[in-house]
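Me: I'm new to this structure and would love a close look at one part. Could you walk me through the place where the ligand sits?

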Amino acid sequence: MRVIVLISGGGSNLQALLDDRQGYDIVAVMADRPSAGGIARSLAANVPTICLPLTAPRIPIARTAWENTAADLLTVWHPDLLVMAGWMRIMSPSFINRFRAIINQHPALLPPDDGPTVTLPDGRTIPAIRGAHAVRDAIHLGLPVSGCTIHRVTEAVDVGPILAQQSVPLLPGDTETTLHERIRAVERRLIVDVVRTLAAEL
Ligand code: GRF
């Protein structure tokens with residue numbers, strides 16, 4: 001299976017995939033900002049790496065041109081799967097529909113529908129935290145538990161069929177950094193499992 005990984009940050013999940021590559025190849029990596037630490041990881045692994053910054057995110061015509069360029073570049077590698085591993089851009093349906101399959105990681109528990117709450121195994125409900133600050137929001141809301149979700153990307157934001165999910169309890173004194181690091185550790189394991197499974201099913 002031919003996989004492209006999209007990153008915006010440090011790329012520890014990208015590294016987990018680079019270290020694995022069981023049943024799949026990582027044919028390219030794309031970053032949307034030069035500061036993304038993951039760029040060094042893909043270059044070190046000799047994986048073709050594109051950095052395509054979005055310089056005017058609020059100007060619709062510039063954003064559309066950027067998305068079209070990104071899609072044109074990525075299709076050159078004929079990917080079977082795009083993995084958004086810490087990718088912090090919301091992509092429009094015209095981008096999403098150009099690819100066979102896209103999955104996203106989200107550092108919180110999401111419900112199986114687009115509802116506002118998640119039901120925990122013990123019957124308690126917690127808010128579904130969507131958006132770019134899910135770890136910070138979990139702490140501010142004082143949730144007992146958060147977690148991570150890997151889901152297929154659809155045209156809606158942080159909604160789509162769930163492929164894997166695991167809860168991560170909050171601990172006394174947790175900061176955004178400590179909680180996010182524990183969530184990332186789980187995410188790295190889940191993303192490798194999901195991509196291996198999708199590769200086996202192809
Ligand atoms: C992950 O927690 C992912 O869910 C979130 O950004 C983080 C990426 O971490 N969207 P890394 O860059 O792979 O270390």
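Reply:

**Around the ligand**

Three elements each supply at least two residues of the shell around the ligand: helix H1 (12-20), strand E5 (102-106) and helix H6 (176-201). Of these, H6 gives the largest share, with three residues. Please keep in mind as you look that this is a predicted model.

If you would like to find the shell in the sequence, begin with Gly-9, Gly-10, Gly-11, Ser-12 and Asn-13, which are among the residues around the ligand. Further along, the list goes on with Gly-86, then Gln-105, His-106 and Pro-107, and finally His-180, Arg-184 and Glu-187. By character, nine residues of the shell are polar, two are charged and one is nonpolar.

Now zoom in on some side chains. In His-180, an N or O atom of the side chain is 2.6 Å from an oxygen atom of the ligand. For Arg-184, the corresponding distance from a side-chain N or O atom to a ligand oxygen is 2.9 Å. Glu-187 also takes part, with a polar side-chain atom 2.4 Å from an oxygen atom of the ligand. As for cover, the ligand on its own has 370 Å² of accessible area, and the protein covers 92% of that. The space that the ligand takes up is the largest pocket.

One more residue is worth a visit: Asp-32, in the loop between strand E2 (25-31) and helix H2 (38-44). Asp-32 counts as buried because its relative accessibility is 2%, under the 20% cut-off. Its side chain makes a polar contact of 2.9 Å with the side chain of Ser-8, and another of 3.0 Å with the side chain of Arg-33.

Methods
Residues numbered from 1 in each chain as written. Predicted model: local features only at pLDDT ≥ 70, side-chain atom pairs only at ≥ 80, totals over all residues. Heavy atoms only, no water. Near = heavy atom within 4 Å. Polar contact = N/O pair within 3.5 Å; in protein donor to acceptor, adjacent residues only side chain to side chain. Areas by Shrake-Rupley, 256 points an atom, 1.4 Å probe, with all protein chains shown as cover. 1 Å grid on protein atoms, 1.4 Å probe; cavity = no way out; pocket = protein on both sides within 12 Å on 5 of 7 lines; lining within 4 Å. Sits in = over half its atoms within 2 Å of the grid points. Helix = DSSP H or I, 4+ residues; strand = E, 2+ residues; numbered from the N terminus. Nonpolar A, V, L, I, M, F, W, Y, C, P; charged D, E, K, R; others polar. Buried < 20%, exposed > 50% of the residue type's maximum accessible area, 1.4 Å probe, protein only.
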